[in-house]
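Here is a friendly walk through a protein model, written for reading beside the sequence and the 3D view. Keep both open and follow along.

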Amino acid sequence: MYMRFFQFAGILGCTTAAFISIAPIQVEAATFKVISGVTSIDRDHDKILSSIGLTLTGTNQAVAPIPRNYLVGWNIDSLTNFTFSDEDGFTPLSGTIEHTGTVTFNNQITVGDFSIGFAPGRTVTGASGLVLRDTFSLNTILFDLSSPGLVAFDGQNLTIPDVQLLISPEFADILDNPELSGLFAGTARIDAQVAAVPEPDSVLATLVAGAVLLAARFYTQKIKCT
């Protein structure tokens with residue numbers, strides 16, 4: 001029984017090695033997950049919202065923005081599961097970027113715990129398909145997000161600059177002014193730390209290596225016993 005198991009593992013190991021030796025070497029895009037960081041809002045956001053009657057009157061759990069001359073920052077929460085590929089530099093794949101903290105306007109409206117993610121079928125001109133959603137009180141999309149400026153990524157740190165906030169049709173309806181839909185409402189920037197997501201092939205290789213090692217141990221124990 002031990003010999004058969006070892007022979008099977010040996011054949012599997014040799015087959016795997018042979019496949020690796022003849023398979024062409026290809027450089028494939030890697031997948032990464034956002035794990036922490038800060039999303040910051042520029043000061044133009046406050047000025048523009050003030051012009052339509054929304055005056056910033058308070059924040060809760062805000063942090064220092066990046067860069068420092070921006071208005072306010074929000075920590076990226078551990079519930080974030082946003083993934084992207086380094087193909088073409090930066091290609092969003094799935095998930096959301098979750099935040100902790102709220103902002104109050106006119107001492108009346110408090111929104112926050114913002115979630116950035118995909119929303120198919122958006123019709124706002126210039127929108128990328130990503131949206132910023134309030135999950136604290138209104139539970140609706142506040143802003144459609146434009147495509148970013150030049151994204152910087154070094155394998156561990158991701159910077160997504162110059163993202164335009166466009167007032168969503170949903171938020172415009174809440175403000176009782178549908179004509180605000182699509183209006184530029186400020187600039188956002190994401191500075192995040194990321195981690196690589198293991199590829200399925202690497203997981204399979206680890207399992208194969210484990211099976212071979214386990215077989216070798218069983219075979220060694222068999223020799224000692226005989």
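Strands here are DSSP runs of E with at least two residues, numbered from the N terminus. With that in hand, threonine 83 can be placed in strand β4. Please keep in mind that this is a predicted model.

**The overall picture**

The protein's secondary structure amounts to four helices and 14 strands. Of its 226 residues, 34% are buried. Among contacts with a separation of 6 or more, 58% are between residues 24 or more positions apart.

**Threonine 83 and its surroundings**

Is threonine 83 buried or exposed? Its relative accessibility is 14%, and buried means under 20%, so threonine 83 counts as buried. Setting aside neighbours within four places in sequence, threonine 83 touches Thr31, Phe32 and Lys33, and also Pro92, Leu93 and Ser94. Threonine 83 and valine 197 are 114 residues apart in sequence, yet their C-alpha atoms are 8.5 Å apart in space.

**Strands that pair**

Strands β2, β7 and β8 form an open sheet in the order β2-β7-β8, with antiparallel pairing. At its edges are β2 (56-60) and β8 (109-112), each of which pairs on one side only. On average, neighbouring strands of this sheet are turned by 20 degrees against each other, direction ignored. Strand β7, residues 102-105, is joined to β8 by four bridges. One residue to look for in this pair is valine 103, whose bridge partner in β8 is valine 111.

Other strands pair too. Strand β3 and strand β6 (residues 97-100) run antiparallel and share two bridges. Within this pairing, isoleucine 76 has histidine 99 in β6 as its bridge partner. Strand β6 is also joined to β9, again in the antiparallel sense, through two bridges. There, isoleucine 97 stands opposite isoleucine 116 in β9.

**The enclosed space**

How many cavities of 30 Å³ or more does a search of the whole structure find? The search finds one. This cavity holds about 240 Å³ of space. It has 19 lining residues, and those nearest its centre are His45, Val103, Phe105, Phe114 and Phe143. Val103 therefore appears twice in this account: it lines the cavity close to the centre, and, as a bridge partner of valine 111, it belongs to the pairing with β8.

Elements giving two or more residues to the cavity lining are α2 (43-51), β3, β7, β8 and β11. Helix α2 gives the largest share, three residues. By class, the lining comprises 17 nonpolar residues, one polar and one charged.

**The open space**

The second largest pocket has a volume of about 240 Å³. Its lining is made of 19 residues, with Leu130, Ser146, Pro148, Ile160 and Val163 closest to the centre. The elements that contribute two or more residues are β9 (115-118), β10 (127-134), β11 (140-146), β13 (157-167) and β14 (184-197). What classes of residue make up this lining? There are 15 nonpolar and four polar residues, and no charged ones.

Strand β11 is named among the contributors to the cavity lining, and β11 is also named for the pocket.

**Backbone details in the loops**

Some backbone details are worth a look in the viewer. Isoleucine 66 and proline 67 are joined by a cis peptide bond, with omega at about -5 degrees. Proline 67 sits in the loop between β2 and β3 (72-76).

Two aspartates have a positive phi although neither is a glycine. They are set side by side here.

| Residue | Phi | Loop | Relative accessibility |
|---|---|---|---|
| Aspartate 88 | about 60 degrees | between β4 (83-85) and β5 (91-94) | 74% |
| Aspartate 176 | about 60 degrees | between α3 (169-174) and β14 | 68% |

Why does aspartate 88 count as exposed? Exposed means over 50% relative accessible area, and aspartate 88 reaches 74%, so it counts as exposed. Aspartate 176, at 68%, therefore counts as exposed as well.

Key. Residues are numbered from 1 along each chain as its sequence is written. This is a predicted model: local features need pLDDT of at least 70, side-chain atom pairs count only at pLDDT 80 or more; totals for chains, interfaces and linings use all residues. Side-chain values use heavy atoms; hydrogens and water are left out. On a 1 Å grid over the protein atoms alone, a cavity is a set of points where a 1.4 Å probe fits but cannot get out, and a pocket is an open set with protein on both sides within 12 Å along at least five of seven lines; lining residues have an atom within 4 Å of a point. Grid points are joined across faces, edges and corners, and a volume is the space filled by probe spheres set on the points. Ala, Val, Leu, Ile, Met, Phe, Trp, Tyr, Cys and Pro count as nonpolar, Asp, Glu, Lys and Arg as charged, and the others, Gly among them, as polar. Axes are lines fitted to C-alpha atoms, for helices over the stretch in contact, and angles run from 0 to 180 degrees between N-to-C directions. Buried means under 20% relative accessible area, exposed over 50%, partly exposed in between (1.4 Å probe, protein chains only). Contact means heavy atoms within 4.5 Å.
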